[in-house]
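User: Please take a close look at the disulfide bonding in this model, and then set it against the fold around it. A connected account would suit me better than a list.

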Amino acid sequence: TTTTTTTRPPPWGSLSCDENPCQFGGTCVENVGQLTCEQRCEYEIDACDANSQCKSEQCVDVILFVATQESRPCTNIESCCQSSTSTQIAASLYDEAVSCFWNNCNATGGGEYVESISCDCVEGRNGARC
């Protein structure tokens, strides 16, 4: 019998089988989900969107697009697009957003995460933790 937990922290949370939550000889299984780049960098995107100059920066969309291509047509952020942000706060928010895209995203999205865990219980045992 396999029972999946219903508790789900944010995708980048710490849900894992590391501490083996299954009892009575049950085997813990990590069920993996896929993040989009937008989900992976949600915090950085929201912070940029809250600043009018960062939000209007076209390079944010350009770098998001380039970072999710199978083959990137440029070798670094600066060679892909030149930012026009003029204030330090906007430039900082822009750098955080595009760095998140560049460093964490690819053609398959924003990476994998443990969506939930389940316990494969031994015969005769069942329940969330066996």
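Analyst:
**The disulfides and their setting**

About the S-S bond of Cys-74 and Cys-80 the torsion is about 75°, and the disulfide is therefore right-handed. The model is a predicted one, and in it the sulfur atoms of this pair are placed 1.4 Å apart. Cys-74 and Cys-80 are both buried. A disulfide is a covalent bond between the sulfur atoms of two cysteines. Here a pair of cysteine sulfur atoms is counted when the two lie within 2.5 Å, and by this rule the count comes to eight disulfides.

The link between Cys-59 and Cys-81 has an S to S distance of 1.9 Å. Its torsion about the S-S bond is about -75°, so the disulfide of Cys-59 and Cys-81 is left-handed. This pair connects distant parts of the chain, with Cys-59 in helix 4 and Cys-81 in the loop between helix 5 and helix 6, 22 residues apart. Cys-59 is buried, and Cys-81 is buried as well.

Another of the disulfides joins Cys-17 to Cys-28, with an S to S distance of 1.9 Å. The link of Cys-17 and Cys-28 is left-handed too, with -70° about the S-S bond. Cys-17 lies in the loop between strand 1 (2–4) and strand 2 (27–35), whereas Cys-28 lies in strand 2, so the pair ties together parts that are 11 residues apart in sequence. Both of these cysteines, Cys-17 and Cys-28, are buried.

The loop between strand 1 and strand 2 also holds Asn-20. The phi angle of Asn-20 is near 40°, a positive value in a residue other than glycine. Asn-20 has a relative accessible area of 42% and is therefore partly exposed. Cys-130, in the segment after strand 3, likewise has a positive phi without being glycine, in this case near 75°. With a relative accessibility of 6%, Cys-130 counts as buried, because burial is set here at under 20% relative accessible area.

The setting for these links is a protein chain with six helices and three strands, which, when read along the sequence, follow the pattern β-β-α-α-α-α-α-α-β. Of the 130 residues in the chain, 36% count as buried. Among contacts between residues at least 6 apart in sequence, 76% join residues that are at least 24 apart. The chain exposes about 7,900 Å², and carbon and sulfur atoms supply 46% of that area.

Within the helical part, helix 6 (residues 88–104) can be checked against its expected length: at 1.5 Å a residue its 17 residues should span 24 Å, and because its end C-alpha atoms are 24 Å apart, the two values agree. The buried residues of helix 6 are Ala-90, Leu-93, Tyr-94, Ala-97, Val-98, Cys-100, Phe-101 and Trp-102. The buried residues of this helix pack against helix 1 (37–40), helix 2 (42–49), helix 3, helix 4 (58–67) and helix 5 (77–80). Helix 4, which is among those packing partners, is the element that carries Cys-59.

Tyr-94 of helix 6, one of the buried residues just named, can also be related to Lys-55, since the two are 39 residues apart in sequence and 8.5 Å apart in space, C-alpha to C-alpha. Lys-55 belongs to helix 3 (residues 52–55), and with a relative accessible area of 55% this lysine is exposed. When neighbours within four places in sequence are left aside, Lys-55 is in contact with Cys-48 and Asp-49.

On the strand side, strand 3 (residues 111–120) includes Ser-118. Ser-118 is buried, with a relative accessible area of 3%, and its side chain makes a polar contact with the side chain of Asn-31 at 3.5 Å.

To return to the disulfides themselves, the link of Cys-74 and Cys-80 is right-handed, whereas that of Cys-59 and Cys-81 is left-handed, as is that of Cys-17 and Cys-28.

How values were computed
Residues are numbered from 1 along each chain as its sequence is written. This is a predicted model: local features need pLDDT of at least 70, side-chain atom pairs count only at pLDDT 80 or more; totals for chains, interfaces and linings use all residues. Side-chain values use heavy atoms; hydrogens and water are left out. Helices (H or I, at least four residues) and strands (E, at least two) are DSSP runs, numbered from the N terminus. Buried means under 20% relative accessible area, exposed over 50%, partly exposed in between (1.4 Å probe, protein chains only). A polar contact is a pair of N or O atoms within 3.5 Å; within protein, one must be able to donate a hydrogen and the other to accept it, and residues adjacent in sequence count only if both atoms are side-chain atoms. Contact means heavy atoms within 4.5 Å. The expected span of a helix is 1.5 Å times one less than its number of residues. Accessible areas come from the Shrake-Rupley method with a 1.4 Å probe; for residues, only the protein chains shown count as cover.
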